[in-house]
Amino acid sequence: MTDASAPITQDVLTIPRKDLQSDKINLVGLTRPQLRAALIEAGTPEKQAKMREGQIWQWVYYWGVRDFHAMTNLAKAYREMLEAKFEIRLPEVVTRQISEDGTRKYLLRIQGGHEVEAVYIPEEGRGTLCVSSQVGCTLTCSFCHTGTQKLVRNLTAGEIVGQLMLVRDDLGEWPEQNSPKNEQRLVSNVVLMGMGEPLYNFDNVRDAMKVVMDGEGLSLSRRRITLSTSGVVPEIAKTAEEIGCLLAISFHATTDEVRNKLVPINKRWNIETLLDALREYPRLSNSERITFEYVMLKDVNDTDADARRLVNLIKGIPAKINLIPFNEWPGAPYQRSDWERIERFADIIYKAGYASPIRTPRGEDIMAACGQLKSATERARKSRKEIESEAGL
């Protein structure tokens, strides 16, 4: 695991900005039924398809193999067929930065030359990977740097799964054949909290997480995966039913007036509508609580009255509240709440019976902290006046 005291380093790899033209089917991101259907379409006899699917799945997702000719339990002719019709393609790493605290931020290039970011956060006993689901974002949350980048497109399931695979490459986490299995997982948790609103890309996110959770490959438990949404109400129940992961809500305000400015999707599904949907969440229980994310903005949403309103709003919902000190970015129209104010806010919530951890900012020196992600080609700095105008401030 990365030494937290390591200096900041940056590895830069220059890749021509061009579309990848390929007639081959990328196996990464296909669910098991999709993979089996593709193999049959390519000429695999139906009676063999389930076995071949299992063999290829293990090579790709358990061993991390990218070369069909290395899949030694497949006949040579079959490997040649796979090579001719399929590929195992991941996003390309454009830059990798390592923070003073060990956080790693990856700028990734995907099909069509678009760019997204992923962040790996090492902690004692665990490692969390923050993955993106869209290029840019459509929600324009006024405190979020990603929200100042227009939505370009949804990521495919393969581009979402590929973020986990390439980080395992970078960390050297794939098992070695004929060696004892290493039970320590460097990437032990995945959070869909990177660029984009996951529930506006539901089908691809669902399929990607089916691949990630499969026990014969990447094998991350559904309880090790957290999906963060700003409140796309119609998709919330489907998240429990079709993905089954943990749920986090980008909440950030206790009145509709303030949340309309901070999280504009609130104008479509307001606080009351969102909370009603959460109370009906199929997996809601004391062992599977909903996480409410609450960014602390000075003189905006950080009063004692806000803390008490928050407690009253979520009454009856098994929950914890993650308090997030605002991570500033160039031109941001807000400031971080004073530390004493954050602690006072947390104390009110804690005394009301809710866990209220204050998230330690990570990777701020490389713009990798929560709310700071934005692909490098879109970092043109708007003036504070322009940003405040767009935020309605």
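Here a biologist and a modeller talk through some charged residues of this predicted model.

Modeller: A word on the basis: the model is predicted, so local features need pLDDT of at least 70 and side-chain atom pairs pLDDT 80 or more, while totals for chains, interfaces and linings use all residues. Residues are numbered from 1 along each chain as its sequence is written, and side-chain values use heavy atoms, with hydrogens and water left out.

Biologist: Thanks! What makes Glu117 and Lys105 a salt bridge?

Modeller: A salt bridge is a side-chain nitrogen of Lys or Arg within 4 Å of a carboxyl oxygen of Asp or Glu. Glu117 and Lys105 have a distance of 3.6 Å, N to O, so the pair meets that cut-off. Glu117 lies in strand E6 (residues 115–123) and Lys105 in strand E5 (residues 104–109), so the pair ties together parts 12 residues apart in sequence. Strands here are DSSP runs (E, at least two residues), as are helices (H or I, at least four), numbered from the N terminus.

Biologist: Why is Glu117 called buried?

Modeller: Buried means under 20% relative accessible area, exposed over 50%, and partly exposed in between (1.4 Å probe, protein chains only). Glu117 has 2%, so Glu117 counts as buried. Lys105, at 3%, is buried as well.

Biologist: And what makes Arg341 partly exposed?

Modeller: Its relative accessibility is 24%, which falls between the two cut-offs, so Arg341 counts as partly exposed. Arg341 also forms a salt bridge with Asp304, with the closest N and O atoms 2.8 Å apart. Arg341 sits in helix H10 (residues 339–351) and Asp304 in helix H9 (residues 304–313).

Biologist: How do you know that Arg52 has no salt bridge?

Modeller: The nearest side chain of opposite charge, Glu53, is 11 Å away. Lys and Arg count as positive and Asp and Glu as negative, with His and the chain ends not counted. Arg52 is buried and found in helix H2 (residues 46–62). Leaving aside neighbours within four places in sequence, Arg52 is in contact (heavy atoms within 4.5 Å) with Leu39, Thr44, Asn73, Leu74 and Tyr78.

Biologist: Does Glu53 appear elsewhere, and in which network of salt bridges?

Modeller: Glu53 is linked with Arg32, Arg36, Asp214 and Glu216 in a network of salt bridges.

Biologist: Last one: why is Glu280 called exposed?

Modeller: Glu280 has a relative accessible area of 63%, so Glu280 passes the cut-off for exposed. Its place is in the loop between helix H8 (271–279) and strand E13 (290–296).
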